[in-house]
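Work through these short exercises with the sequence and the 3D view open. Try each task before reading its solution.

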Amino acid sequence: MKTKNRKPSILGISQIIMILFLLGLLVLSSALQMDTATLISDSLVRIGMQAIFVLAMLPTIQSGIGLNFGLPLGILCGLLGGLITVEYNMTGLGGLFTAILISLPLSAGAGILYGWVLNHMRGSEMMVGNYLNFSIISLMCIGWMILPFTNKNIIWAMGSGVRSTITLESSYEHVLDRLLSFGFAGITIPTGTFLAIALLCIVMFLFLRSKLGTMMRCSGENAVFGASLGINNNRMRILSAVISTVLGAVGIIIYSQSYGFYQLYTAPQMMAYPAIAAVLIGGATTRKASIGNVILGVVLYQSLLTIALPIASELLENSSLSEILRTIVSNGIILYALTKMVGRKV
C-alpha cells in the first residue's frame with residue numbers, strides 16, 4: 001500500500017534530542033568553568049562558514065536529483081575566482097565581491113555541464129556526484145600546478161605551482177565577519193556574514209515560490225506529471241545543478257574569508273559531506289527539504305561539533321584520546337545523518 005509523501009519534519013524526535021543534548025553541553029561547559037561565550041561565538045562563526053554549503057543542497061533535492069555530492073565542483077570555481085583576486089592584490093569588500101563575480105560565470109558553466117551529465121545518469125545521481133567529486137579534485141591538483149599565477153603570495157618559492165594554503169590576511173580576511181559585528185554578553189556576532197546568508201535564504205525562498213521554482217519542484221516530485229504540464233524535466237534538473245554549483249562557489253569564498261585562508265589541492269574533497277549531514281539532521285530527506293531544514297541542520301551540526309570537542313578535550317586533559325574523540329564525534333554525526341537518507345520521518 002502506498003503512503004503519502006509527507007513534507008520533511010523540521011522538529012522531529014531526533015532534532016529535539018539533539019537540541020536537548022546541545023543545551024546539556026552548554027550547561028556542562030559552564031560547570032567545567034569553560035568560556036561558554038567563546039564557545040557560542042565560535043559556533044556562530046562555524047555556522048556562518050558552512051550555511052551556504054548546506055543551502056546549496058536545497059535546489060538539487062527539490063528537483064529530484066537528490067543530495068549534491070558534487071558540490072566541490074562549485075567550490076573549485078569559487079577558489080579559482082578567489083585566487084584571481086589575490087593575484088591582482090584586491091582587498092576589502094571590493095576584493096570579496098569581485099571574487100564572487102568572477103566565480104559566477106565559471107560555476108554556472110560548470111553547473112550546466114554537471115546537470116547534463118546527471119541527466120544521462122538518472123537514478124545514480126548521488127553516486128555520479130561522488131565519483132565526479134574525487135575525479136575533478138584530482139584533475140584540479142594538476143591544474144593548480146600549471147595555472148599561470150605569478151604573485152609571490154600564491155606560488156611556491158621554487159617559482160611554479162600554487163601553494164596548498166593561501167593566506168587572506170592582506171586581502172579580505174574576516175572582512176564580512178567584521179562588517180556591522182557587535183558583542184553581546186561576551187558573544188561576538190558576525191553580522192555581515194549572517195546578513196549575506198539571510199539574503200541568499202530570502203532569494204531562495206522567493207525563487208522556490210516563483211513560477212520557475214514551482215515548476216522545478218513539480219518536476220522533481222513527479223516527472224511524468226510535470227511533463228504532462230509541459231515542464232521540461234531535463235532543463236529543471238540542469239537549472240537546479242547550476243544554482244547548487246553557484247552557491248558552492250559563493251560559499252567557499254565566504255567560508256575562506258572567515259577561515260582566513262584558501263585551501264587548495266585535496267582540501268575541498270570532503271566539504272560536501274558536512275553539508276549533506278547538516279541538511280539531513282535538520283529533518284530533510286533525499287526528496288524533500290526546506291529553508292527551515294537548512295537553518296536548523298547547520299545550527300545543530302556545527303554547534304554540536306564546535307562545543308562537544310573542546311569539552312571532550314577538557315575532560316580528557318593531557319590525553320591523546322581528544323583527537324580520537326574529535327574524529328569519532330565528527331564522523332559519527334555524519335554517519336547518523338546518512339542513516340536518515342531513506343526519506344522516512346525522523
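**Exercise 1.** Find which residues form one aromatic cluster with Phe53.

Solution. Start with the rule: rings of Phe, Tyr and Trp (its six-membered ring) pair if their centres lie within 6.5 Å. The cluster consists of Phe53, Tyr255, Tyr259 and Phe261. This is a predicted model, where local features need pLDDT of at least 70, side-chain atom pairs count only at pLDDT 80 or more, and totals for chains, interfaces and linings use all residues. Residues are numbered from 1 along each chain as its sequence is written, and side-chain values use heavy atoms, leaving out hydrogens and water.

**Exercise 2.** Classify the ring pair of Phe53 and Tyr255, then that of Phe69 and Tyr273.

Solution. Recall the classes: planes under 30 degrees apart are stacked, over 60 edge-to-face, and the rest tilted. The rule gives five aromatic pairs. For Phe53 and Tyr255, the ring centres are 5.9 Å apart and the planes stand at 40°, so this pair is tilted. Phe53 belongs to helix α2 (residues 36-55) and Tyr255 to helix α10 (residues 233-259), so the pair ties together parts 202 residues apart in sequence. Helices here are DSSP runs (H or I, at least four residues), numbered from the N terminus. Phe53 and Tyr255 are both buried, meaning under 20% relative accessible area, with exposed over 50% and partly exposed in between (1.4 Å probe, protein chains only).

Now take Phe69 and Tyr273. Their ring centres are 5.8 Å apart and their planes are at 65°, so the pair is edge-to-face. Phe69 sits in the loop between α3 (57-63) and α4 (72-87), and Tyr273 in helix α11 (residues 272-281), so parts 204 residues apart in sequence are tied together. Phe69 and Tyr273 are buried.

**Exercise 3.** Check the length of helix α12 against its expected span.

Solution. The expected span is 1.5 Å times one less than the number of residues. For the 25 residues of α12 (residues 291-315), that gives 36 Å. The end C-alpha atoms are 36 Å apart, which agrees. Of the 25 residues, 18 are buried, so α12 is largely enclosed by the rest of the structure.

**Exercise 4.** Describe the surroundings of Leu80.

Solution. Place it first: Leu80 is in helix α4. Next, exposure: its relative accessible area is 22%, so Leu80 is partly exposed. Last, contacts (heavy atoms within 4.5 Å). Leaving aside residues up to four places away in sequence, Leu80 touches Leu106, Trp144, Leu147 and Phe149.

Notes: Helix = DSSP H or I, 4+ residues; strand = E, 2+ residues; numbered from the N terminus.
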